[in-house]
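Biologist: I would like to learn how to read a model of this kind feature by feature. Could we take the general idea each time and then turn to the case at hand?

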Amino acid sequence: MLADTKTVLHAVFGHPVAQSLSPAMHNRAFQELGLNCVYLAFDVTDIGSAMNAVRALGIRGASVTIPHKVKVMEYLDEVDAAARRMGAVNTVLNEGGRLIGSNTDGPGAVAALREITELSGKTLLLLGSGGAARAIAHAARAEGAAIVIGNRVEDRAEAEALASEVDAAFAPLGDVRSVACDIVVNATPIGMAPHVEASPVPADLFRKGMAVMDIVYNPIETRFLREAREKGASTVDGAAMFVYQGAAQFSLWTGRTAPVALMRRVVLEKLSAKERG
Ligand code: NAP
């Protein structure tokens, strides 16, 4: 569909954004549903000015990505309770000039995990305590999972703060082998290209019956996921979390059910093209 005077604008704001998979994913989804909408990428350093632009131009929905997920909260009219708990916003909805922030990273991770496991009553070992880990910890806790945070000891203050917010135990990354858990999630960048031979944990952590997710999606199957699969664990890749967080944004902005399978196909095509170089 060609843009016209009625086209509804959507955008991603980040720095950098050149590698973002979101424009391809959302634009293909708009097209599939015959919606007169477009999604554009803006590389911005001043997120406050970007939010003024959202109001001034009547942009309906925005994704907010690194490094603006925390700072953006200062410029919104409302931040929902879950995003406030997570301490970060990745989604903005413009309701007639009123900007409402939410966070779909945590629910996206939970939806991806649901492909392979229930969360209620399970123990989830979460590797990392950064922005994505925070969102996942809060969302998984809300689903009834018990959390153990595995983090390198140098930055224990941040990990311990998160652990106390979600009533979690803490284990140094080097000692996680002794943690009894049902689910393991890598929320560190370890294993991301070009360091594809790295893994945050030894392979003998994994066993049959575990559910394992890596939120790194470049490569699609990291060493962490490959080793988990080889030990008989159920696995889900980071592309699934990415697609589900995007699907939740799409529904929020359009009021329509997102074409998740198509969005996943688009993302996997883009990632495969990147892996081929
Ligand atoms: P972040 O805020 O920088 O947090 C990174 C976490 O990993 C921190 O806890 C950090 O520990 C730990 N870490 C980093 N390097 C480490 C190392 N060499 N050894 C041990 N721990 C290390 O990053 P983020 O935004 O949470 O993102 C993390 C990863 O998730 C990135 O690869 C990102 O691309 C990916 N991600 C994927 C999705 C998705 O939809 N699939 C969504 C968001 C993010 P310290 O605190 O000690 O530094």
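**Reading the backbone, the core and the ligand shell**

Modeller: Let us begin with a loop: D167 is found in the loop between α6 (156-165) and β9 (169-172). Please keep in mind throughout that this is a predicted model.

Biologist: What is the phi of D167 near, and is D167 buried or exposed?

Modeller: Phi of D167 is near 60°, which is a positive value in a residue other than glycine. As for its surroundings, a residue counts as exposed over 50% relative accessible area, and D167, with 61%, is therefore exposed.

Biologist: Which peptide bonds are cis, and where do their prolines lie?

Modeller: One cis peptide bond runs from I66 to P67, with omega near 10°, and P67 lies in the loop between β3 (61-64) and β4 (78-79). Another cis peptide bond joins N218 and P219, where omega is about 15°; P219 belongs to the loop between β11 (211-214) and α7 (223-230).

Biologist: How should I read the division of the chain into domains, and which residue ranges does each domain take?

Modeller: The domain assignment gives domain 1 as 8-103 + 240-276, and domain 2 as 107-236. The C-alpha centres of the two domains lie 25 Å apart, and across the boundary 13 residues of domain 1 are in contact with 17 residues of domain 2.

Biologist: Why does S102 count as buried, and what does S102 touch?

Modeller: The cut-off for buried is under 20% relative accessible area, and S102 counts as buried because its relative accessibility is 9%. S102 is found in strand β6 (residues 98-102), and, setting aside residues up to four places away in sequence, S102 touches D80, A83, V89, N90, T91 and L252. S102 and L252 are 150 residues apart along the chain, yet their C-alpha atoms are separated by 9.8 Å.

Biologist: A83 appears among those contacts; where is A83 found, and what does A83 touch in turn?

Modeller: A83 is found in helix α3 (residues 81-86), and at 0% relative accessibility A83 counts as buried. Beyond residues up to four places away in sequence, A83 touches A88, V89, G101, S102 and N103. For a relation over a longer stretch of sequence, take A83 and A139, which are 56 residues apart in sequence and 9.9 Å apart in space, C-alpha to C-alpha.

Biologist: How do I read a buried polar side chain, and what does the side chain of H138 reach?

Modeller: One looks for the partners of its polar atoms. H138 has its place in helix α5 and is buried, with a relative accessible area of 11%. The side chain of H138 reaches the backbone oxygen of R85 at 3.3 Å, while a polar contact of 2.9 Å joins the side chains of H138 and E165. Apart from residues up to four places away in sequence, H138 touches R85, M86, L162, E165 and V166.

Biologist: Which polar partners does T7 have, and is T7 buried or exposed?

Modeller: T7, found in the segment before β1 (8-14), is buried, with a relative accessible area of 14%. A polar atom of the T7 side chain lies 2.7 Å from the backbone nitrogen of D4, and a polar contact of 2.9 Å joins the side chains of T7 and N36. Leaving aside neighbours within four places in sequence, T7 is in contact with L2, N36, C37 and V38.

Biologist: Turning to the ligand, how many residues surround the ligand, and which are the closest?

Modeller: The ligand is surrounded by 20 residues, of which the closest are S129, G131, A132, R152 and I215. By class, the shell has 11 nonpolar, seven polar and two charged residues.

Biologist: Which polar atoms of the protein lie close to atoms of the ligand?

Modeller: An oxygen atom of the ligand is 2.8 Å from a polar backbone atom of S129, and an oxygen atom of the ligand is also 2.8 Å from an N or O atom in the side chain of R152. A nitrogen atom of the ligand lies 3.0 Å from a backbone N or O atom of G238. Taken alone, the ligand exposes 920 Å², and the protein buries 73% of that. The elements giving two or more residues to the shell are α5 (131-142) and α8 (238-254), and the largest share, three residues, comes from α8.

Notes: Residues numbered from 1 in each chain as written. Predicted model: local features only at pLDDT ≥ 70, side-chain atom pairs only at ≥ 80, totals over all residues. Heavy atoms only, no water. Near = heavy atom within 4 Å. Polar contact = N/O pair within 3.5 Å; in protein donor to acceptor, adjacent residues only side chain to side chain. Areas by Shrake-Rupley, 256 points an atom, 1.4 Å probe, with all protein chains shown as cover. Helix = DSSP H or I, 4+ residues; strand = E, 2+ residues; numbered from the N terminus. Nonpolar A, V, L, I, M, F, W, Y, C, P; charged D, E, K, R; others polar. Buried < 20%, exposed > 50% of the residue type's maximum accessible area, 1.4 Å probe, protein only. Contact = heavy atoms within 4.5 Å. Domains from an automatic or database assignment.
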